[in-house]
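Good morning, and thank you for joining this session. I should like to walk you through one structure, moving from one chain to the other. Please have the view in front of you as I speak.

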Amino acid sequence: MKKIFQRAPLFVFIYATLLFMFFSTQFSRTLQIYFPYFAVQGDTIVAGVSSMADTIEQTLLNPRKASHTVVMGNENEQIALPDVTSSGEVSESSEVLSVMDEPTPTPIYGEPLEDIIAASQPSTYYVEQPVDQSYFNDAVFLGDSRTVGLQLYSGWDNCDYLADVGMTIYDCLDRDISFGDIQHTTAREVLSSSRYGKVYIMLGINECGSNINTYFEKYTEVVDQIHRWQPDAIIVVQGIMKVGAQKSATHPSINNTNITARNEKLATLANDWYIYYLDINEAVCDENGNLTDGYSFDQVHLYAKYYSLWCDYLLEHGFVFNGVRR
Amino acid sequence: MTFSDINFLLIFILIYVPIYVLLPMKIKPYFLLAGSMAFYALNDIWLFPVLLINILIVFISGILEDRFFDKIGLRRFITRFGIVLQIALMVISILFFKNHTFIGVGFFTVQLIGYYLDVYRNNISACKNIVTFSNYVMFFPKVLQGPIVSFKDIESDLKMPDKVSLSKLEKGIRTFILGMSFKIIIADRLYYLWNGVQTVGFQSISTPLAWLSMYSYSMQLYFDFQGYSLMAIGVAQMLGFSLPINFRSPYLSKSISEFYRRWHMTLGEWFKNYVYIPMGGSKNGLKKTLLSLSAVWILTGLWHGLTLNFMFWALTLLFFIILEKTLLKKVFKSERKVVYFFRHVYVLIIIPFTWMMFAIGNIEQMGIFFTRLFNLTSVCTPLNVNKNDYLNYLSDYWPYLIGGIICCFPLMEEVLVKTRIYMTRFISFALFWVCVYMIMKNGNNPFMYINF
């Protein structure tokens, strides 16, 4: 009897532990299912706070915009180039631009990006043409695990990489990453303190489950921010690389329909001025638009040997300063 | 919610064990049966009826054999029919119902065949109680990955479960925690190393990484399997059953044959009792021995999977075991320390090689992996190799690798299960909390929380 009493606390403790565990795991799961913006991945909260804030803002604070979005309906034009840009403004700013022969984009603090995009529609400062590896001497790659793969297996060590496994557009600027010999830094610190000629971005596979409009808005915001830090750099938005057919058919959010929809939006960011769009899927996908069977073990990441396809595609599609505005 | 999800297992135990312990003895078997059935039914409701019908068939055949104990012809027919039926069911379910396989169908089949043969050979009398029999077949702690138990061994427990005492309960919990730690802290972490290597593609890994991943996989496999077995033993202990142990520090073996006497022991035991000895065993001359060994290993290969690589794996092992029984026999008799040392080295090289055959389903890929192991660049040109990849992996995984190496020795089992000092409780708690932390942080299901 004495023994039983001696040991009773032990079992109470173990039982309590198990109970705690049960509820905590269940609780976090429930949270994830019903409140996706609290989705906990590893240590960081991603795809979350901003999307919630944006949704609230859109629906409560700015009803006009929200209703506008709903009325438009058409998926491709949910964020249409807004009607705020009057034709007068456009012609005025394009006149200003036309006299410049150097692509020194005017500072755009406070101005909506759409104005700039609209204003610069017909101009071309850079032409797309094959380049060699030295083209990337002043380039930086911003991206998730796929860009980590590019860093490890491209063999290109003349450029910089701001890449981390699990990176998303929501946390890409403030995520704790290692950069060269520096163990802890953020893309914000690096991009705001050094000068680059080209910034390549590929982000979006991790946040495929988040709202597409929020994603696109955040992307616009990041591109805008990078342009402020790097006014002389071109920003190359790379379309999200697609996934294998099997993954695409079975995964609720990481599928090629979803990726294509996002890529179509990303393509609209290109302004033929300092933002360009590239779709590496042309190099790695089969005729059905899926990541080619046999190129990947997990249907998401290329085998190391196929990173050359990505590299070759980037080399084929360099953006070289043209100087002439047509 | 999948069956192999550890959360599910924990919840199940959490609710189930206390109720079971408190129930009166008479009701316990029924409650156990209900639990096992729930386990299967939750896993796959569509195959559940097939399972029940199958159990009923085996049960009735057993009773028929007992009833007509003097009609040898009829008994032989029943036994043969039964065995063929079980094998057919297993093969069909593996080949045609890939998404609807019974969990642990191999273990299930093997035990039923053993039961048929035991009854046929009059080693046991057939079970007359359907509840007892169903409990034997479906006993939920062992359905996933064994251990394989013969009816004889568990019969007395089933008829009259031990009184659950607190000390047994505690031992069960400790065993369970140890198994869970092996699985969660070591195996599930090392899984990512092997997964990473596969994602990179074998053609692009450096030679040091090939070796690293080979040893890492060997440990991952051991701790995964040993972890599940210990968890099963632990849960069974909590319920008052004793299941046989499945592993006895196999990586410390001094020969391949010894390795397989210490690795997945219950399967080895099964093959010994139902294939090796009936075919002649080791007592009837070398020729018979080799023949029975070959049969055992070909069947082992088939049991693990119907693809070519498992056959490859089994035949390689067969080759080395035969080598040990013939050419190396004299060397192995020596008791010099140097010889022991080299025997350890030999096991620790050959066994990981064979695990690679086990792990890589595609023969061509297997070939590529071996060219990377020996850096045979002329046979297969490596592409886009990152010279320092193994350093990256080492810096990520060294704690788990070192922990794994330490746990290959029987240290943890000794400390946590066999001794009963207060320190062991403390370690158990600590391990438990580490497991909880890891499950919370990473999730148990590797595909659920993975980041790209």
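Helices in this talk are DSSP runs of H or I with at least four residues, and strands are runs of E with at least two, numbered from the N terminus. This is a predicted model, in which local features need pLDDT of at least 70 and side-chain atom pairs count only at pLDDT 80 or more, while totals for chains, interfaces and linings use all residues. Residues are numbered from 1 along each chain as its sequence is written, chains are lettered from A and ligands numbered from 1 in the order in which they are written, and side-chain values use heavy atoms, with hydrogens and water left out.

Let me begin with B:L315, which sits in helix α13 (residues 308-325) of chain B. Is B:L315 buried or exposed? Neither term applies: B:L315 is partly exposed because its relative accessible area is 40%, where buried means under 20%, exposed over 50% and partly exposed in between, using a 1.4 Å probe and protein chains only. Its C-alpha atom is 9.8 Å from that of B:T354, and the two residues are 39 apart in sequence.

B:L209 offers a second case, in helix α9 (residues 207-239) of chain B. B:L209 has a relative accessible area of 0%, so it is buried. Beyond neighbours within four places in sequence, B:L209 is in contact (heavy atoms within 4.5 Å) with B:V197, B:D389, B:Y390 and B:Y393. The C-alpha atoms of B:L209 and B:N388 are 8.8 Å apart, although 179 residues separate them along the chain.

What of chain B as a whole? Chain B contains 19 helices and zero strands. Of its 452 residues, 56% count as buried. Among contacts in chain B with a separation of 6 or more, 75% join residues 24 or more positions apart.

Two helix pairs deserve attention. Helices α3 (residues 48-67) and α4 (residues 72-96) of chain B pack at an angle of about 165°, with axes 10 Å apart; axes are lines fitted to C-alpha atoms, for helices over the stretch in contact, and angles run from 0 to 180 degrees between N-to-C directions. α3(B) and α4(B) are therefore roughly antiparallel, the term for angles over 145 degrees, whereas under 35 is roughly parallel, 65 to 115 roughly perpendicular and the rest oblique.

In the second pair, the axes of α11 (residues 265-276) and α12 (residues 285-304) of chain B come within 10 Å and cross at roughly 130°. α11(B) and α12(B) are therefore oblique to each other. On the α11(B) side, the contact is made by B:L267, B:F271, B:V275 and B:Y276, and the α12(B) residues include B:L293 and B:W303.

I turn now to chain A. Helix α8 (residues 212-229) of chain A has 18 residues, which at 1.5 Å a residue should span 26 Å, and its end C-alpha atoms are indeed 26 Å apart; the expected span is 1.5 Å times one less than the number of residues. Among the buried residues of α8(A) are A:Y219 and A:V223.

Both of these also touch A:V237, a residue of strand β9 (residues 234-238) of chain A. A:V237 counts as buried because its relative accessibility is 1%. A:V237 and A:Y277 lie 4.8 Å apart, C-alpha to C-alpha, and 40 residues apart in sequence.
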